[in-house]
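Visitor: Before we look, I would like each label explained by setting its value against its definition.
Guide: Then let us bring up the model and go through the labels in turn.

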Amino acid sequence: FSAYDREALDGILRNIHKLKTGAIITWSCLAGLYSHPDSHFIRQHKCKVQSFGQRIGLLFQIVDDILDVTSSLEELGKSPGKDQKAGKLSYSNLHGLDGANRIAQGLVAELRSDLEEMERMGGDWTLIREILEGLGNKLS
């Protein structure tokens, strides 16, 4: 891929993941926020929480793309290599394993920092922290 093609395809891939897994995780994060009794608090933190949910959804998909290439059937619980065989656009196909891993590691670091800030807002972020750490632990 040329740099232009890679950038355009990366944007398409990010959008697919934003509308897929990112939407589910974002909704879950926002549902927790919307349970707060103070509507001002909700408005104040909505963009941050929404962005966080979208990025953790993206991280999930990148890790899934990496595992599709690097894991066995037993480890993955589904047939590995399906994306590559189908010619599916994935982070590992677009950026290579090392590139996908670097992108994922960067997201983990960014999300850890943001999560520390969100934990200071209050509430119970234990499950989100466990998800984030679990994804980070799957990377090499």
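**Cysteines and a kinked helix**

Guide: Cys-29 is buried, as its relative accessible area is 5%, and buried means under 20%, exposed over 50% and partly exposed in between, with a 1.4 Å probe and protein chains only. This is a predicted model, in which local features need pLDDT of at least 70 and side-chain atom pairs count only at pLDDT 80 or more, while totals for chains, interfaces and linings use all residues. Residues are numbered from 1 along each chain as its sequence is written, and side-chain values use heavy atoms, leaving out hydrogens and water.

Visitor: How do you know that Cys-29 is not bonded to the closest cysteine sulfur?
Guide: A disulfide is a pair of cysteine sulfur atoms within 2.5 Å, and the sulfur of Cys-29 lies 14 Å from the closest one, in Cys-47, which is too far for a bond. The structure accordingly holds zero disulfides.

Visitor: Why is Cys-47 called exposed?
Guide: Cys-47 has a relative accessible area of 60%, and is therefore exposed.

Visitor: And what makes His-45 count as buried?
Guide: Its relative accessibility is 14%, so His-45 counts as buried. Neighbours within four places in sequence aside, His-45 is in contact (heavy atoms within 4.5 Å) with Leu-33 and Met-121.
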